[in-house]
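Visitor: I am new to protein structures and would like to learn how to read one. Could you take me through it step by step?

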Amino acid sequence: MEAKKPKQSGRPRLEDALECVIPARFTQTEFEEIKQKSKGLKMSRSAYIRSMTLKGKVQNLFTEEEQKAKKQLIGIANNLNQLLKLCHIHGIEKMIKQVNLQLGNIDKILDKYNHGGSSE
């Protein structure tokens, strides 16, 4: 008979786990610059340094305008979720005005994003 392996609990291990650490020292000015650049790119400091070291560049996935539109859509999505909860409580008839307002906001942002214009 074969001995059974004990079940592993928790999250499975990554194949390419980041297991090697390289200590590095920076001046306060250099550290602040790394912090600012990584924050601007929405990356961790480690990911930023790794990318700059291995690739020599960091590519931002979204333009600043796209990031702004994304934040607006997330905010509107949160508002819609709250409205839907209220619709379940009070009924859709009482909440229809607020729902239509939020849908209008979504349409404006999507039109601006899809057509690349500034229609405000």
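Guide: We will go from the overall fold to single residues. Please keep in mind that this is a predicted model.

Visitor: Let's begin with the fold. How many helices and strands are there in the protein?

Guide: The protein has four helices and zero strands. Following the sequence from start to end, you meet the pattern α-α-α-α.

Visitor: And how much of the protein is buried?

Guide: Of its 120 residues, 13% count as buried. The word has a cut-off: a residue is buried under 20% relative accessible area, exposed over 50%, and partly exposed in between. Let's try that on helix α1, where Ser38 has its place. Ser38 is buried because its relative accessibility is 3%.

Visitor: What does the side chain of Ser38 have a polar atom 3.1 Å from?

Guide: That polar atom lies 3.1 Å from the backbone oxygen of Lys35. Lys35 is a good residue to look at next, as its side chain has a partner too.

Visitor: Which residue forms a salt bridge with Lys35?

Guide: The general idea is to look for a side-chain nitrogen of Lys or Arg within 4 Å of a carboxyl oxygen of Asp or Glu. Here, Lys35 pairs with Glu32, and their closest N and O atoms are 3.8 Å apart.

Visitor: Why are Lys35 and Glu32 separated by about one helical turn?

Guide: Because they are three residues apart in helix α1, which puts about one helical turn between them. As for accessibility, Lys35 is partly exposed at 33%, and Glu32 is partly exposed at 30%.

Visitor: How many salt bridges does the count come to?

Guide: It comes to two salt bridges. Besides the pair you have just seen, Lys37 forms one with Glu33, with the closest N and O atoms 2.9 Å apart. Lys37 and Glu33 both lie in helix α1, four residues apart, about one turn of the helix. Lys37 has a relative accessible area of 40%, so it is partly exposed. Glu33 counts as partly exposed as well, at 42% relative accessibility.

Visitor: Now for charges on the surface. Which residues form a positive surface patch?

Guide: Lys39, Lys42, Lys70 and Lys71 form a positive surface patch. Pick out Lys42 in the picture: its place is in the loop between α1 (28–40) and α2 (45–55).

Visitor: Is Lys42 buried or exposed?

Guide: Lys42 is exposed, because its relative accessible area is 58%. There is something else to read at this residue, namely a backbone angle.

Visitor: What should I look for in a backbone angle?

Guide: Start from the general rule: most residues other than glycine have a negative phi. Now turn to Lys42, whose phi is near 60 degrees, a positive value in a residue other than glycine.

Visitor: Let's finish at another helix. Where is the place of Glu64?

Guide: Glu64 is in helix α3, which covers residues 64–90. At 69% relative accessibility, Glu64 counts as exposed.

Visitor: How do I compare a separation along the chain with one in space? What separates the C-alpha atoms of Glu64 and Gly40?

Guide: Read the two values side by side: Glu64 and Gly40 are 24 residues apart along the chain, and their C-alpha atoms are separated by 9.5 Å. Try finding both residues in the structure yourself.

Definitions and conventions. Residues numbered from 1 in each chain as written. Predicted model: local features only at pLDDT ≥ 70, side-chain atom pairs only at ≥ 80, totals over all residues. Heavy atoms only, no water. Patch = residues over 30% accessible without salt bridge, like charges linked within 9 Å, V, L, I, M, F, W, Y side chains within 5 Å. Areas by Shrake-Rupley, 256 points an atom, 1.4 Å probe, with all protein chains shown as cover. Lys, Arg positive; Asp, Glu negative; His and termini not counted. Charge placed at Lys NZ, Arg CZ, Asp CG, Glu CD. Helix = DSSP H or I, 4+ residues; strand = E, 2+ residues; numbered from the N terminus. Buried < 20%, exposed > 50% of the residue type's maximum accessible area, 1.4 Å probe, protein only. Polar contact = N/O pair within 3.5 Å; in protein donor to acceptor, adjacent residues only side chain to side chain.
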